[in-house]
Amino acid sequence: MTPAGPGLVCSAKACRQQAERAVVWRNPRLHTAGRRKVWLVCPAHEEHLRDFLQLRGFLLEVVGVDELTEADG
């Protein structure tokens, strides 16, 4: 893995790697239906963060960081 530059950095605690994917989620108890939260992830943390959100029923989708829009986050 390459260290993150000034670009997008993984959201996992203490990780400074370049993010390649975005885990898009929403907590329906706290967020309106149109709200989309984003965790950026490097390859090493994608499965863990995706599974964490999926287990709670919060996961909406996982996309490449190049697929994010202004509405995401």
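Here are a few short exercises on this structure, each with a worked solution.

Before you start: this is a predicted model, where local features need pLDDT of at least 70 and side-chain atom pairs count only at pLDDT 80 or more, while totals for chains, interfaces and linings use all residues. Residues are numbered from 1 along each chain as its sequence is written, and side-chain values use heavy atoms, with hydrogens and water left out.

**Exercise 1. Work out which elements the chain has, and in what order they run.**

Solution. Start with the inventory: one helix and three strands. Helices (H or I, at least four residues) and strands (E, at least two) are DSSP runs, numbered from the N terminus. Next, read from the N terminus on, and you get β-β-α-β. Now place them: β1 covers residues 21–25, α1 covers 46–55 and β3 covers 59–64, with β2 at 37–41.

**Exercise 2. Take the pair Trp25 and Phe58, and decide how the rings are arranged.**

Solution. Rings of Phe, Tyr and Trp (its six-membered ring) pair if their centres lie within 6.5 Å; planes under 30 degrees apart count as stacked, over 60 as edge-to-face and the rest as tilted. Here the centres are 6.1 Å apart and the planes of Trp25 and Phe58 meet at 20°, so this pair is stacked. Where do the partners sit? Trp25 is in β1, and Phe58 is in the loop between α1 and β3, 33 residues apart. Finally, check the cover: both Trp25 and Phe58 are buried (under 20% relative accessible area; exposed is over 50%, and partly exposed is in between, with a 1.4 Å probe and protein chains only).

**Exercise 3. Do the same for Trp39 and Phe52, then look at what sits over the ring of Phe52.**

Solution. The ring centres of Trp39 and Phe52 are 6.0 Å apart and the planes are at 35°, so the pair is tilted. Trp39 belongs to β2 and Phe52 to α1, 13 residues apart. With 23% relative accessibility, Trp39 is partly exposed; Phe52, at 33%, is partly exposed too. Now add the charge: the charged end of Arg56 sits over the ring of Phe52, 3.6 Å from its centre. (That label needs NZ of Lys or CZ of Arg within 6 Å of the ring centre and within 35 degrees of the ring normal.) As a last step, put the rings together: Trp25, Trp39, Phe52 and Phe58 form one aromatic cluster.

**Exercise 4. Find the largest nonpolar core and the elements that feed it.**

Solution. A nonpolar core is a set of buried Ala, Val, Leu, Ile, Met, Phe, Trp, Tyr and Cys residues joined through side-chain atoms within 4.5 Å. The largest one has 10 residues, including Cys10, Val23, Trp25, Leu49 and Phe58. The elements giving two or more residues to this core are β1 and α1. A second, separate core has five residues, among them Ala19, Val24, Leu40 and Val63.

**Exercise 5. Compare two loop residues, Asn27 and Pro43: buried or partly exposed?**

Solution. Asn27 lies between β1 and β2, and its relative accessible area is 12%, so Asn27 is buried. Pro43 lies in the loop between β2 and α1; at 47%, Pro43 is partly exposed. Leaving aside neighbours within four places in sequence, Pro43 is in contact (heavy atoms within 4.5 Å) with Gln18 and Glu20.
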